[in-house]
Amino acid sequence: MTSIPANMKVAEMLGIGRVRLADRPVPEPRPGEVLVKVERVGICGSDLHYFAHGRIGNYVVQPPFILGHEAGGIVVALGPGVESPRIGDLVALEPGVSCGRCQFCLSGRYHLCPDVLFFATPPVDGVLAEYVAHPANLCFPTPSGLDSLDAALIEPLAVGFHAAAQGRATIGQKAVVFGAGCIGLMTLLALKARGLTNVTIVDLMPSRLNKALELGAHNVVNSAQDDYLKAAKEITGGYGFDLAFETSGAEAAARLSIESVKKGATIVLVGYGQTGEMTLPVSLALDKEVAIQTVFRYHHVYPVAIEAVAAGLVSPRLVVTNSFDFADIQEALDRSLNDKASVVKSVVIVSG
Ligand SMILES: [Zn+2]
Ligand SMILES: [Zn+2]
């Protein structure tokens, strides 16, 4: 067992577009917490949004601020009262710490807790740090065969699984996913894990559509070049899709969702988009009696997502296109932000 140092490196965001490594004391795990040595951190669209704009809605970054909420690492110390996980376990960290007492928590929908504290959502620091202390019950041990990259990617995979669950996706349905970024691809994986054999991915960037094909998309449509509505008709025999997932946040995609689903279909809105507002053909949605669902993070999904990876049903690591050393955090964020055509998903090697 390696000893735990007094200080650690963290990546501090100092202002818009600026990040540097700095020293901070290693946190002490409080009662009910474990100390995790972070090995891999996935960079998410929300991290990049904070990095580029300094805020998402009312959440405003006050520098120095630590980004990152997708972490996998090794438990190295236990706070008082902790029996599980154990020292040495590889864990996937579920980021949201909820109050446990409000109506939402008590009804099991703890992700909607108004007092939830979530990694890298200001003012709560994230996981781009060598060590993080976190509640033991939110550190899910992973079975042998998984590594810390798999563990880090359980977080975005959980969003995909929650989206699929919100759509009640089942085998036999035809689905379309708008957006082949990380969350769109994770949604594809979740749909495949739920047995769907006909999933269409729509995006504007050829590199992302190639990634979707590599991950097992059954059809891809480049909506910049091809006639999407014509393709949708052909794929669905003229009926339209049973299910649509809008992960891009683009109004045009949400509109195409309504236009291309079957009557009685379900549309799941996942992407926030730039402004958070859209104008949509509601009368067409009513004519089709479309059910519209939304997704906010996830709840009770980590065990399912871990099992799906362990069983070999899905491999979220295939979504990763780039990895960076911790020392190159500035480059990692710059490239992920500015080279979206080739960088689909970046991972930072924090340690190990
Ligand atoms: Zn994320
Ligand atoms: Zn609560």
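**The second largest pocket**

Select strand 1 (7-15), strand 2 (18-25) and strand 10 (131-135): each supplies at least two residues to the lining of the second largest pocket. This is a predicted model, so treat every stop on the tour as a computed feature. Strand 10 contributes the most to this lining, with 5 residues. The pocket's volume is about 440 Å³.

Now show the full lining, which is 22 residues. To centre the view, pick Phe119, Val124, Asp125, Val132 and Ala133, the lining residues nearest the pocket's centre. Colour the lining by class. You get 15 nonpolar, 2 polar and 5 charged residues.

**From strand 10 to strand 3**

Keep strand 10 on screen and add strand 3 (residues 33-43). The two strands pair in the antiparallel sense over 5 bridges. For a reference point, label Lys37, which stands opposite Tyr131 in strand 10.

Is strand 3 enclosed by the rest of the structure, or open? Turn on the surface around it. Strand 3 is largely enclosed, because 10 of its 11 residues are buried. The cut-off for buried is under 20% relative accessible area.

Next, add strand 6 (residues 70-78). Strand 6 runs antiparallel to strand 3, and 8 bridges join them. Label Leu35 and find its bridge partner in strand 6, Ala77.

Then add strand 19 (residues 346-349). This strand is also antiparallel to strand 3, with 4 bridges between them. Here the pair to label is Gly42 and its bridge partner in strand 19, Val347.

**The zinc site**

Select ligand 1, the zinc ion. Which protein atoms are its donors? Show Cys44 (SG), His69 (NE2) and Glu70 (OE). They lie 2.1 to 2.5 Å from the ion. Along the sequence, the donor residues follow the spacing C-x24-H-E.

Stay with the last two donors and check their exposure. His69 has a relative accessible area of 5%, so it counts as buried. Glu70 is buried as well, at 0%. Glu70 is also where strand 6 (residues 70-78) begins, so the strand you just displayed leads straight to this site.

**The parallel sheet**

Move to the open sheet of 6 strands. Its order is 14-13-12-15-16-17, and the pairing is parallel. Find the edges at strand 14 (219-222) and strand 17 (291-294), which each pair on one side only. Neighbouring strands in this sheet are turned by 20 degrees against each other on average, with direction ignored.

Zoom in on strand 13 (residues 198-203). Strand 13 pairs with strand 14 in the parallel sense over 4 bridges. Label Asp203 and, opposite it in strand 14, Asn222. On the other side, select strand 12 (residues 174-178), which runs parallel to strand 13 and is joined to it by 5 bridges. There, Val176 has Thr200 of strand 13 as its bridge partner.

Now show the side chains of strand 13. Which residues point which way? Asn198, Thr200 and Val202 point one way, while Val199, Ile201 and Asp203 point the other. In a regular strand, side chains alternate between the two faces of the sheet. Both sets in strand 13 are buried. With 6 of its 6 residues buried, strand 13 is largely enclosed by the rest of the structure.

**The cavities**

Switch to enclosed space. How many cavities of 30 Å³ or more does the structure hold? There are 2.

Start with the largest cavity, which holds about 70 Å³ of space. Select its lining: Glu94, Gly96, Ser98, Tyr110, His111, Val116, Phe118, Arg297 and Tyr298. By class, this lining has 4 nonpolar, 3 polar and 2 charged residues.

Go on to the second largest cavity, at about 40 Å³. Select Ala254, Ser257, Ile258, Ile267, Leu269, Leu280 and Ile292 to show its lining. Helix 8 (251-260) and strand 16 (261-269) each supply at least two of these residues. Which element gives the largest share? Helix 8 does, with 3 residues. Colour this lining by class too: 6 residues are nonpolar, 1 is polar and none is charged.

Technical notes. Residues numbered from 1 in each chain as written. Chains lettered and ligands numbered in written order. Predicted model: local features only at pLDDT ≥ 70, side-chain atom pairs only at ≥ 80, totals over all residues. Heavy atoms only, no water. Donors = N, O, S within 2.8 Å, 3.2 Å for Na, K, Ca; no water. Buried < 20%, exposed > 50% of the residue type's maximum accessible area, 1.4 Å probe, protein only. 1 Å grid on protein atoms, 1.4 Å probe; cavity = no way out; pocket = protein on both sides within 12 Å on 5 of 7 lines; lining within 4 Å. Points joined across faces, edges and corners; volume = space filled by probe spheres on them. Nonpolar A, V, L, I, M, F, W, Y, C, P; charged D, E, K, R; others polar. Pairing = 2+ DSSP bridges. Axes fitted to C-alpha atoms, helices over the stretch in contact; angles between N-to-C directions.
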